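Please open the model in a viewer and follow the selections below in order. Each stop names what to select and then describes what is found there.

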Amino acid sequence: MLLIRCPYCEMERPDVEFKYAGEAHLVRPPNPAAASDEEWGAFLYLRANDKGLHAERWRHTSGCGRYFNCLRDTVSDKISATYKAGEARPRVA
Amino acid sequence: MTRVGRSLNNYGERLAFAAVYGLDKGAAAWRHGGRASTGSLPALKFSFASLARQALKGHTGWPEQWRSPEPKRAYDAVIVGAGGHGLATAYYMAKEHGMRNIAVLEKGWLGGGNTGRNTTIIRSNYLWEPSEAIYGHAHKLWHGLSQELNYNVMFSPRGVMLIAHSHHDEQSFKRHIYANRLAGAQNEWVTPEQAKEFCPLLNIDPSIRYPIVGAALQRSGGTARHDAVAWGYARAASTLGVDIVENCEVKGIHRDSTGAVSGLETTRGPIAARRIGVAAAGATSIVMAMAGVRMPLESFPLQALVSEPLKPVMPCVVMSNTIHAYMSQSDKGELVIGAGMDAYTSYSQTGGLHIATQTLEAICEMFPTLSRLRMMRNWGGIVDVTPDRSPIISRTPVEGLFVNCGWGTGGFKATPGSGHVFAHQVATGEPHLINAPFSLDRFRTGGLINEAAAAAVAH
């Protein structure tokens, strides 16, 4: 069980209140009609799957309902930061 | 703690297994953690006569089951990962493609990853034709595997029943049944009463929270002994000259000036190889990144539990993907229970307790007789999941580098078939007819093979 701090509600809540929503900071091809099959395939399917620090999206489904981002270590499951959607990935030691 | 518990469990199981097969000396060697190589091949064949001879000699003459050699500086091909899939691949490369100068590298101990952690279910009732081809291929190989390897993998086709709890489940399962029959795979619809007749432990009371409205039954499905599969393939491959190198972690993949692979950097020194086959399950993304290849994979914990041992109560395998639980009984008497996948990616090999709790609630509802049963162990394995829930058995953009991954929550059942076709892929460089659709390139072309509904564990 993770304790996740929602940056909108500004509260630490158990992970059953949230829904995991995959890798963060994936950028949709800016001009979809011009994107190649490689670019579409990479955007849709290729994932970093980091072992260690991982930037990921969560949605506070049982709270405010908003998406936000989270930095979590995928070996220890320790969360080092959560931040609002649209904000840059913070630097952590 | 989970790891320790599991390895003790393996130790206990090895002793039990050894006792059954009269491998006392082998068990003693395991007990002292020693499998030092003697350099000789285990030529001893298991038979009634050899068991009797060993019994008369006080079980002092059993050789080690596979060699533990120092890695050579160069091989014709190297397989990364000594789980079931990697060992099966090496075995078929040696046996069917005549490649004897090959090695299997393993970061930990043989069969210690998902091979030793899964719930050993074997079935072939997937939806699409490419899936039916590969799982069907595996299913055929299971039937003769103990004889082929001269090692009892305890394959037991006791029947696998997938429980439907709603009208939607019923429609979906019947679609699978019709597709399976068209493809020649056995699968049938049974009513709640027929399901209870097949598995008397089942609660078919229509008033429960998720009532059972029927089930899809594959009578030819079942279980096998997971560790014996790894050990049997290891022994057979080693006998054919394959070097199995444990405690040897791959730290890098070398490439020559043309970009093709030329070798590996390992914790036991550099090893040259022009062909590398990666069969690293949950760690595949990390190994492939060493060659600069990004993968359409995410790694999640998948949990399982075993109960205290009981007398035989459970004659088959029962699965429910609607309420996230599946169960069978091992030959030792433990009820083997599998949970749904954890919600977020992780390499922690544990998983959240609430996931296991939810599974046990579902088990207690389907099998109320078991509600006071104690669970002995709970552990997690890291499964590599693809976007379409089908595996990848493929060449890669890097010359000489091949990958067999993405088996997600259900790779054990495919072990012989997966190894057989991947051996063809690595040995010849070209895909076998059966693994051609499972290319890495399908995530560019869009030729996906969607098995999310058949994978049986909720994703």
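Begin by selecting Glu38(A) and Arg444(B): in this predicted model, the two residues form a salt bridge, with their closest N and O atoms 3.8 Å apart. The count of salt bridges between chain B and chain A is one.

Next, display the polar contacts across the interface. Nine residue pairs, with both residues at pLDDT 80 or more, are in polar contact between chain B and chain A.

Now colour three elements of chain B: α9 (284-289), β13 (298-307) and α12 (442-445). Each of them supplies at least two residues of the side of chain B that touches chain A. Which element provides the largest share of that side? It is β13(B), with three residues. By residue type, the side of chain B that touches chain A divides into eleven nonpolar, seven polar and four charged residues.

Widen the selection to the whole interface. Here 22 residues of chain B are in contact with 23 residues of chain A. The two chains bury about 2000 Å² between them, and 53% of this area lies on carbon and sulfur atoms. Then select Arg294(B), Tyr344(B) and Tyr347(B), which supply 32% of the area that chain B buries against chain A, more than any other three residues.

Finally, colour the model by confidence. The predictor assigns the complex an ipTM of 0.96 and a pTM of 0.91. Chain B has a mean pLDDT of 90, and 90% of its residues reach 70 or more. Select residues 1-40 of chain B, where pLDDT stays under 50. Where pLDDT is low, the predicted coordinates should not be read in detail.

Note on methods
Residues numbered from 1 in each chain as written. Chains lettered and ligands numbered in written order. Predicted model: local features only at pLDDT ≥ 70, side-chain atom pairs only at ≥ 80, totals over all residues. Heavy atoms only, no water. pLDDT = per-residue confidence, 0-100. Contact = heavy atoms within 4.5 Å. Buried area = accessible area lost by both parts, 1.4 Å probe. Salt bridge = Lys/Arg side-chain N within 4 Å of Asp/Glu carboxyl O. Polar contact = N/O pair within 3.5 Å; in protein donor to acceptor, adjacent residues only side chain to side chain. Helix = DSSP H or I, 4+ residues; strand = E, 2+ residues; numbered from the N terminus. Nonpolar A, V, L, I, M, F, W, Y, C, P; charged D, E, K, R; others polar.
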